[in-house]
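Work through the exercises below with the sequence and the coordinates open beside you. Each task is followed by a solution that proceeds step by step.

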Amino acid sequence: MLSDDVITALGATGAKLTPQASLTRKAYWKCGGPAELLVEVKTLAQLQGVMAVVDRVTVLGRGSNALIHDAGISGVVLLLKGELAALEIAEDHAWVGAGMKLNALLNRLDQAGMAGAEPFSGVPGTMGGAVVMNAGTRLGEAKDRIESVEVVLPGGAVVTLTAEECGFSYRHSALPAGAVVSRAKIALSPDPDGARMVQREGFLVRRKATQPLDKPSCGSTFTNPEGDSAGRLLDACGLKGHRIGGAVISELHANFFLNDGGASSEELRQLIVHARRVVYQQTGVLLRPEVKLLGDWGPDPLGVDEGCADSVQPG
Ligand SMILES: Cc1cc2nc3c(=O)[nH]c(=O)nc-3n(C[C@H](O)[C@H](O)[C@H](O)COP(=O)(O)OP(=O)(O)OC[C@H]3O[C@@H](n4cnc5c(N)ncnc54)[C@H](O)[C@@H]3O)c2cc1C
């Protein structure tokens with residue numbers, strides 16, 4: 001519970017505070033409980049001020065890779081707006097505010113006749129979420145375009161990290177503990193005749209045909225194991241259409257777990273654990289969840305650390 005003194009100090013930063021703010025519409029899965037205190041920051045100074053007051057925050061981008069606990073998130077939930085969601089385009093690079101939506105970034109670069117954000121085509125997150133997740137597609141990954149990342153550390157210090165210092169790997173980064181991404185510098189190149197835009201459009205048409213985009217999901221629930229695809233394994237194990245309450249595994253793409261109406265976050269969690277266990281029992285492959293759990297879930301809610309110890313061993 002945040003104390004009155006802490007809330008007063010947070011208010012003094014100029015950030016907008018909303019207690020017990022619903023997050024349901026702010027998360028792609030459309031479930032989960034409220035934020036104890038939603039804090040909207042619009043400037044770097046406000047963000048530094050917040051980080052000087054509290055030692056732990058939960059940042060919410062577009063919630064397109066986040067499963068929020070049904071009881072909500074205790075403490076401060078940060079939304080990055082204003083100058084922290086702005087774009088500055090230079091000749092061969094751009095500084096992208098962490099709160100900027102990736103589709104807006106792509107549109108703005110198209111208008112400017114510049115290429116550089118293609119890896120984010122069809123990824124519905126923010127720049128900050130893309131850094132943290134090293135988001136990517138067949139057109140590349142965040143790490144291919146990022147030159148440096150500005151973060152605010154607990155206490156309020158601003159640090160600029162090289163791409164190497166971000167520790168990027170497949171759908172993963174290793175930023176300093178508790179760091180909030182404030183902006184990222186990405187490399188740009190001229191695209192005067194829109195060739196990359198045309199390539200992207202073809203890519204998006206294929207995605208629309210193969211992904212269930214009409215129901216709430218978080219995209220891929222699991223990362224692809226080396227040399228295979230999580231969707232193929234889940235399908236081969238007969239999991240398409242498997243349902244727990246309102247949570248169901250898509251018939252179109254088995255790595256998409258859908259809120260089919262009224263699903264709770266707990267139902268989605270149970271479906272993830274079940275699918276992971278079945279795949280392990282039938283194939284021996286331990287899938288790694290891509291989705292991030294936000295809120296107070298307790299230790300290892302997806303059973304990742306314990307593996308699938310209580311499963312029947314394969315073979
Ligand atoms: C339909 C659909 C398709 C998708 N397709 C793809 C795809 O092709 N490729 C892909 O990589 N992903 C894909 N995703 C997943 C998702 O869009 C990406 O992981 C995206 O990068 C998440 O960004 P976000 O802003 O929504 O982050 P959130 O979901 O809000 O947050 C994700 C994590 O990042 C943290 N975070 C967010 N912003 C910051 C910040 N500024 N500072 C510190 N921490 C932060 C959060 O606390 C959380 O731990 C898809 C999702 C959907 C719903």
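**Exercise 1: Arg 171 and the ligand**

Arg 171 is found in the loop that runs between β12 (158–162) and β13. The model examined here is a predicted one.

Task: Determine whether Arg 171 is buried or exposed, what is unusual about its phi angle, and how far an N or O atom of its side chain is from an oxygen atom of the ligand.

Solution. Step 1: the relative accessibility of Arg 171 is 14%, and since buried means under 20% relative accessible area, Arg 171 counts as buried. Step 2: the phi of Arg 171 is positive, at about 50 degrees, although the residue is not a glycine. Step 3: an N or O atom in the side chain of Arg 171 is 3.2 Å from an oxygen atom of the ligand.

**Exercise 2: The surroundings of the ligand**

Task: Describe the other polar contacts of the ligand with Gly 61 and Arg 207, and then establish which elements give two or more residues to the shell around the ligand.

Solution. Step 1: a polar backbone atom of Gly 61 lies 2.7 Å from an oxygen atom of the ligand, while for Arg 207 an N or O atom of the side chain is 2.9 Å from a ligand oxygen atom. Step 2: on its own the ligand has 970 Å² of accessible area, of which the protein covers 92%. Step 3: the elements that contribute two or more residues to the shell are α4 (127–133), β9 (136–137), β13 (180–187) and β18 (292–294), and α4 gives the most, with five residues. Step 4: there are 35 residues around the ligand, and those that come nearest are Val 59, Gly 61, Ser 64, Thr 126 and Gly 136.

**Exercise 3: A residue between α4 and β9**

Task: Characterise Asn 134, which is placed in the loop between α4 and β9, by its phi angle and by its accessibility.

Solution. Step 1: Asn 134 is not a glycine, and yet its phi is positive, at about 45 degrees. Step 2: with a relative accessible area of 0%, Asn 134 is buried.

**Exercise 4: The pairing of strand β5**

Task: Explain why strand β5 (residues 73–80) can be called largely enclosed, and find which residues stand opposite Val 39 and Thr 58.

Solution. Step 1: seven of the eight residues of β5 are buried, so the strand is largely enclosed by the rest of the structure. Step 2: strand β2 (residues 35–41) runs parallel to β5 and is joined to it by six bridges, with Val 39 opposite Leu 78 of β5. Step 3: strand β3 (residues 57–59) also runs parallel to β5, joined to it by three bridges, and here the bridge partner of Thr 58 is Val 77.

**Exercise 5: Aromatic rings**

Task: State how many aromatic pairs there are, classify the geometry between Phe 222 and Phe 257, and locate the charges that sit over the rings of Tyr 28 and Trp 95.

Solution. Step 1: the count comes to one aromatic pair. Step 2: the ring centres of Phe 222 and Phe 257 are 5.9 Å apart and the planes stand at 80 degrees, so the pair is edge-to-face. Step 3: the pair links distant parts of the chain, 35 residues apart, with Phe 222 in the loop between α6 (195–210) and α7 (230–236) and Phe 257 in strand β17 (residues 257–259). Step 4: Phe 222 is buried at a relative accessible area of 1%, and Phe 257 counts as buried at 0%. Step 5: the charged end of Lys 30 sits over the ring of Tyr 28, 5.5 Å from its centre, whereas Arg 183 lies over the face of Trp 95, at 4.0 Å from the ring centre.

Note on methods. Residues numbered from 1 in each chain as written. Predicted model: local features only at pLDDT ≥ 70, side-chain atom pairs only at ≥ 80, totals over all residues. Heavy atoms only, no water. Buried < 20%, exposed > 50% of the residue type's maximum accessible area, 1.4 Å probe, protein only. Helix = DSSP H or I, 4+ residues; strand = E, 2+ residues; numbered from the N terminus. Pairing = 2+ DSSP bridges. Phe/Tyr/Trp six-rings, centres within 6.5 Å; stacked < 30°, edge-to-face > 60°. Lys NZ or Arg CZ within 6 Å of the ring centre and 35° of its normal. Near = heavy atom within 4 Å. Polar contact = N/O pair within 3.5 Å; in protein donor to acceptor, adjacent residues only side chain to side chain. Areas by Shrake-Rupley, 256 points an atom, 1.4 Å probe, with all protein chains shown as cover.
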